[in-house]
Amino acid sequence: MPRLSRLSATVLIFVILLAGAGAAFAGLGQPSPWQMDLQESASPVMTQIASFHFFLLWVIAAISAFVLGLLVIIIVRFNARANPVPSRTTHNTPIEIIWTIVPVIILAVIAVPSFRLLFVELAVPHPDLTVKATGKQWFWTYSYPDNGNFEFSSLMIPEKDLKPGQPRLLAVDNELVVPVNKVVHVLVTGADVIHSFAVPSFGIRIDAIPGRLNDTWFKATTEGVFYGQCSELCGKDHSFMPIAVRVVSEADFNKWLEDAKKKYATDDSAAHDAMAAARIPAVQ
Ligand SMILES: [Cu+2]
């Protein structure tokens, strides 16, 4: 069947190309066209999430290949034409023991690194800096409780006002600024409904729940701007409350901190929120 083999060769080449391109297309800090994999990692937690993800991918691939192999053997060897008189065997104790024990072992092998990763995500190391993110309909407010406790709102830039290089639906007017290679403790809450603070490159996602203070942490290992989005359906402009984290050197961070303390010090929080709410971009 030359036509079939040519077709399967084409499919195989396409899959290999896509798989190879996946890594290249994976964006750092934001999604990229034709991306296949997770976004590139910019924190130790995300690096561990990515390696656990690929470990699971191999486990799943091996199980799928094994089951497919069994199906093919059954289809070829035990169809009505090849095997007109079927066996009436119903029990085989050794096989039954094997197919009970082996999945248990596989699950245990998955559970150990899975729980280890969960603990890494949950146990916040001693923080160098704390920021508080409050989800609101439909923007984020950030405050720096251990650096003067100033607060500012972060709103999406409407498409018509985007400058070159600013990604659509992700760029914001006031970014969350943090220093590189420092443990940032993020306190997360919601002011009205449940939102979710998520930045894929840092491997963080945590619900912002009214009346409750959740926390997570990240340590950005690369300077740059890293984008995320509210990840809980929170109302009509849910898709228009992006998260932008600018990671800078410590010197630049201290400089920004001095400016920010002056810039945001005079803001009356309620008035600022009202102003921010008025500026919420309409659905495009
Ligand atoms: Cu939201």
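Donors are taken here as N, O and S atoms within 2.8 Å of the metal (3.2 Å for Na, K and Ca), and since water is not among the atoms, sites may look incomplete. The model is predicted, so local features need pLDDT of at least 70 and side-chain atom pairs count only at pLDDT 80 or more, while totals for chains, interfaces and linings use all residues. Residues are numbered from 1 along each chain as its sequence is written, and side-chain values use heavy atoms, with hydrogens and water left out.

With that in hand, the metal site is a good place to start. The copper ion is held by H195 (ND1), C230 (SG), C234 (SG) and M241 (SD) at 2.0 to 2.6 Å. Angles between these four donor atoms run from 91 to 128°, which makes the arrangement tetrahedral (all angles between 85 and 135 degrees for four donors). Along the sequence, the donor residues follow the spacing H-x34-C-x3-C-x6-M. H195 lies in strand 6 (residues 195–199), and C234, 39 residues apart from H195, sits in the loop between strand 9 (224–229) and strand 10 (242–248); strands are DSSP runs of E with at least two residues, helices runs of H or I with at least four, both numbered from the N terminus.

Both H195 and C234 are buried, meaning under 20% relative accessible area with a 1.4 Å probe, protein chains only. The relative accessible area is 6% for C234 and 5% for C230, which is also buried.

Turning to the whole chain, five helices and 10 strands are present. Of the 284 residues, 34% are buried. No disulfides turn up in a search of the whole structure, the criterion being a pair of cysteine sulfur atoms within 2.5 Å.

How values were computed: Tetrahedral: all angles 85-135°; square planar, octahedral: opposite > 155°, others 65-115°. Buried < 20%, exposed > 50% of the residue type's maximum accessible area, 1.4 Å probe, protein only.
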